[in-house]
Number of protein chains: 2
Amino acid sequence: MKNIFDLSKNGAKKIYIDGTLHPIKVGMREISLQNGKKVCVYDTTGAYTDDNYQIDIRKGMPKVREPWIKEREKEGEFHTQLWYARHGIITPEMEYVAIRENQNNEREDRITPEMVREEIAEGRAVLPSNYRHPEAEPMIIGSKFLVKINANIGNSALGSSIEEEVEKAMWAVKWGADTVMDLSTGKEIHQTREAILRNVPVPIGTVPMYQALEKVGGEIADLTWEVYYDTLVEQCEQGVDYFTIHAGILQRHLPAALKRVTGIVSRGGSILAKWMSINKQENFLYTHFEDICKLLKKYDIAFSLGDGLRPGSIADANDAAQFGELEVLGELAKIAWKHDVQVIIEGPGHVPMQKIRENMDKQIKYCHGAPFYTLGPLVSDIGAGYDHITSAIGAAMIGWMGTAMLCYVTTKEHLALPNKDDVREGVVTYKLAAHAADIAKGHPGAAERDLQMSHARYEMRWNDQFNLSLDPERARRMHFEMIREGSDHCSMCGPHFCAMKITKSIL
Amino acid sequence: MKNIFDLSKNGAKKIYIDGTLHPIKVGMREISLQNGKKVCVYDTTGAYTDDNYQIDIRKGMPKVREPWIKEREKEGEFHTQLWYARHGIITPEMEYVAIRENQNNEREDRITPEMVREEIAEGRAVLPSNYRHPEAEPMIIGSKFLVKINANIGNSALGSSIEEEVEKAMWAVKWGADTVMDLSTGKEIHQTREAILRNVPVPIGTVPMYQALEKVGGEIADLTWEVYYDTLVEQCEQGVDYFTIHAGILQRHLPAALKRVTGIVSRGGSILAKWMSINKQENFLYTHFEDICKLLKKYDIAFSLGDGLRPGSIADANDAAQFGELEVLGELAKIAWKHDVQVIIEGPGHVPMQKIRENMDKQIKYCHGAPFYTLGPLVSDIGAGYDHITSAIGAAMIGWMGTAMLCYVTTKEHLALPNKDDVREGVVTYKLAAHAADIAKGHPGAAERDLQMSHARYEMRWNDQFNLSLDPERARRMHFEMIREGSDHCSMCGPHFCAMKITKSIL
């Protein structure tokens with residue numbers, strides 16, 4: 001296991017940057033180039049890539065946030081990051097993410113702790129931080145920051161073990177997932193989540209409805225607020241950092257949703273729709289929303305307000321059901337903020353390119369600037385087997401427009417449960433989409449890595465090219481399929497047809 | 001070999017639609033669904049998917065255009081499609097592509113032969129049709145039509161045989177390539193091209209400079225207009241349908257180009273830059289441009305005016321060198337049109353998302369509406385090993401904006417020569433990008449296949465989902481990795497957590 005996190009084979013190492021406001025150490029990845037330059041990049045692997053760290057899955061990861069949490073316990077009062085931000089206080093978490101966001105630069109436009117505080121205070125950014133999950137390194141989700149990506153894992157009734165899911169989670173952070181959602185619906189949901197929480201250094205999200213439904217034997221009719229609330233408490237205590245809660249799908253939305261080409265494609269959304277139709281009552285997550293706020297506030301768990309009515313086909317994109325729910329999510333965001341609870345808004349789904357902009361515009365209008373977190377969107381329905389790509393096209397575009405976090409879609413979407421290799425392919429694809437969006441929106445220093453890559457290309461520094469790419473292992477393997485170590489060219493053009501070699505010979 | 005073209009295993013068959021103006025039969029692919037519906041889609045495989053056709057690589061493919069060419073020979077005068085279009089004549093080729101462009105619809109906004117003629121007459125569309133390549137089925141490249149994709153194949157000094165390259169070419173059309181460029185720079189360039197020309201039913205493009213350089217032993221200093229012209233004649237006679245000709249890179253552009261981060265990354269561009277710097281003379285493709293027009297006119301070969309100064313890094317995107325050359329390409333297009341020769345304009349390359357729009361706008365402005373044909377563009381430089389995706393993001397966007405043809409980029413770009421599997425991955429990825437663009441720009445009926453796919457999804461018609469996808473073989477394989485035939489669900493959510501099943505149970 002250690003070996004998968006060995007940075008040295010890719011010319012990199014873990015470094016730590018000290019805080020100036022707080023006694024913190026922020027882990028980053030430093031790539032050393034053959035020309036002596038060093039490129040510092042964002043790193044999601046936590047202690048796994050620290051040479052001095054011994055992996056022990058049973059023991060779990062180091063609790064990096066524990067000292068700050070203990071300090072607050074001594075003060076005797078617990079507050080959310082939103083509360084601190086609103087009161088003008090820059091927490092260690094805020095300084096941590098400010099340092100993290102500045103990859104390579106000493107630029108004047110660099111992200112500062114004060115900017116982080118302000119964005120959180122205004123509700124435009126979220127720093128997920130359940131105090132029961134001290135293993136998670138602080139990270140921030142907001143349109144002024146690097147676009148983040150989430151990797152979904154989790155078993156289904158048809159397969160996978162706890163070991164496999166932990167391995168997928170570790171694999172996800174190795175390739176750069178900023179958060180991981182455990183969407184297990186199969187066996188041993190509690191134990192699977194526990195193993196994941198204790199063994200990844202990133203915030204964990206869940207959809208508590210899945211476990212609530214398992215508790216009533218899969219019978220939607222038997223679901224109650226009490227069972228759901230108990231499940232929430234269980235997951236709060238375990239350390240989940242953000243919950244997808246489908247509180248915006250209401251009885252009035254159902255007639256339109258049921259007439260769609262693909263109906264309701266959100267699992268949580270369909271469960272609540274069914275529950276409402278059986279009980280002829282309003283969605284209990286909506287009617288009990290303030291109770292949920294009060295609970296989440298105690299832990300500083302963020303809402304990820306679920307889009308139960310996201311379109312599952314481009315024919316259903318941007319319809320009345322989808323935008324009707326989005327308006328409700330905006331109202332709920334205001335209620336959560338009243339309780340100092342942080343809020344993310346979930347978005348689609350399947351949306352053709354020409355309809356993406358309207359999604360972002362309406363989200364900003366209805367949701368008062370709360371961070372948007374989209375699944376893709378997929379820009380066509382016929383990409384089965386390639387839907388990581390169908391969706392990366394939409395994801396890059398909506399990320400550029402201001403979406404703060406992109407939920408990956410794997411090659412197996414619509415077909416099967418992804419395995420470890422699918423997780424890698426999905427995560428790297430989404431790192432690429434997020435990075436393209438960072439460049440397009442002008443995140444400070446985002447294009448520096450590209451610039452160093454381009455210099456390495458022009459100077460034929462092959463190892464630097466591999467090491468600067470998002471998947472050095474794949475790049476290296478492909479390059480050496482047809483060529484031997486030490487060549488100054490690649491097999492694509494051969495030694496005599498390399499445009500860059502010819503160009504340099506002019507100079 | 002026959003087996004790779006067997007449509008029946010994917011629920012499809014070849015059908016032929018008769019012309020009304022001319023005695024022509026247009027091959028299309030018809031997918032039969034379990035609910036009795038039939039979906040008719042564009043097909044690039046020619047006779048290969050005809051049940052009655054026996055593949056014989058030595059004999060080559062049927063000459064579908066031969067009767068029309070013979071008819072013109074009888075008339076004693078040869079003209080280009082542009083000449084016919086300008087004279088108000090709808091050729092069999094024009095009617096053929098009009099029928100082909102209408103995939104599923106009897107809509108009022110369907111493409112008509114007259115629209116095809118008008119777009120060609122105005123220079124906004126190109127129908128490549130060297131009369132020496134009668135095996136190629138007519139197809140059209142223009143912003144009012146379906147976005148087309150090109151697959152580059154060809155050997156390098158470091159590998160591949162004629163057999164491998166022919167197999168790649170057949171593989172490319174199997175997965176949907178609309179044209180194939182043979183970019184061989186290695187051994188047996190003439191023989192490789194001959195084998196490809198005789199065995200694929202799509203237009204073939206080349207960069208004649210590669211073979212011209214081979215003829216002078218790879219010595220750029222020894223290149224002459226005469227050697228180049230001889231090479232052109234050889235390739236004209238062989239049947240190449242369009243030539244990439246880097247006639248727009250001029251001496252005055254070189255100082256800016258040589259100062260770039262990645263210099264000149266076009267092979268043709270770098271060769272000409274070197275030649276100009278050695279000889280202190282203007283680009284001989286520019287000075288002899290009208291001679292080339294006169295030659296191409298005799299065969300109806302289209303210019304693909306090459307962007308020798310396309311940016312090879314996002315740092316170089318949209319710079320003075322790139323746009324300076326583009327302006328020259330626009331001037332050359334007018335000269336070609338004067339000779340009734342069809343023209344396509346090539347475009348970049350590496351362009352970050354926020355700079356893509358300017359490329360399209362400037363191309364329309366400088367090039368008077370001639371079809372744009374871009375390589376990607378790649379929206380970041382750090383995607384090595386995933387550059388089919390980095391570039392598909394840019395390709396989908398620029399296709400939506402009006403680019404008529406997208407040159408694929410494979411996973412091995414920047415690393416190695418692609419193999420057969422890389423060709424498949426690249427072609428399907430680009431079919432997806434082109435299709436997403438067709439939907440976004442509202443091509444008549446483009447979203448019909450997505451709609452049928454979505455209905456099949458909601459109704460759990462699994463075979464229909466596979467058969468409607470762009471790569472039925474991959475979709476089917478992935479689905480059955482964890483589940484057995486006859487299941488009404490997939491392993492992603494299992495039998496109890498399928499949102500669509502739950503939704504339908506409400507109704």
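This report walks through a barrel in chain A and the interface between chains A and B, as seen in a predicted model.

## The barrel in chain A

Let's start with the strands. In chain A, eight of them close into a barrel, running in the order β6-β7-β8-β9-β10-β11-β12-β13, with parallel pairing. From one strand to the next, the twist averages 25°.

To see where the ring closes, look at strand β6 (residues 148-153) and strand β13 (residues 405-407) of chain A, which pair in the parallel sense over three bridges. In one of these places, N150(A) has C407(A) in β13(A) as its bridge partner. Helix α8 (residues 225-238) of chain A packs on the sheet, where it touches β8 (204-206) and β9 (242-245) of chain A. The direction of helix α8 makes about 160° with that of β9(A).

## Where the two chains meet

Now turn to the interface, where 102 residues of chain B are in contact with 102 residues of chain A. Together the two chains bury about 8500 Å², and 71% of this lies on carbon and sulfur atoms. I382(B), Y386(B) and F497(B) supply 10% of the area that chain B buries against chain A, more than any other three residues.

## Polar links and the chain B side

Two salt bridges are found across the interface. One salt bridge joins the side chains of E481(A) and K412(B), at 3.0 Å from N to O. There are also 28 residue pairs in polar contact between chain B and chain A.

Several helices of chain B touch chain A, including α7 (208-215), α10 (267-279) and α16 (420-440). Helix α16(B) gives the most to this side, with 11 residues. By class, the side of chain B that touches chain A has 57 nonpolar, 31 polar and 14 charged residues.

How values were computed. Residues are numbered from 1 along each chain as its sequence is written. Chains are lettered from A and ligands numbered from 1 in the order in which they are written. This is a predicted model: local features need pLDDT of at least 70, side-chain atom pairs count only at pLDDT 80 or more; totals for chains, interfaces and linings use all residues. Side-chain values use heavy atoms; hydrogens and water are left out. Two strands pair if DSSP finds at least two bridges between them. Helices (H or I, at least four residues) and strands (E, at least two) are DSSP runs, numbered from the N terminus. Axes are lines fitted to C-alpha atoms, for helices over the stretch in contact, and angles run from 0 to 180 degrees between N-to-C directions. Contact means heavy atoms within 4.5 Å. Buried area is the accessible area (1.4 Å probe) that two parts lose on being put together, summed over both. A salt bridge is a side-chain nitrogen of Lys or Arg within 4 Å of a carboxyl oxygen of Asp or Glu. A polar contact is a pair of N or O atoms within 3.5 Å; within protein, one must be able to donate a hydrogen and the other to accept it, and residues adjacent in sequence count only if both atoms are side-chain atoms. Ala, Val, Leu, Ile, Met, Phe, Trp, Tyr, Cys and Pro count as nonpolar, Asp, Glu, Lys and Arg as charged, and the others, Gly among them, as polar.
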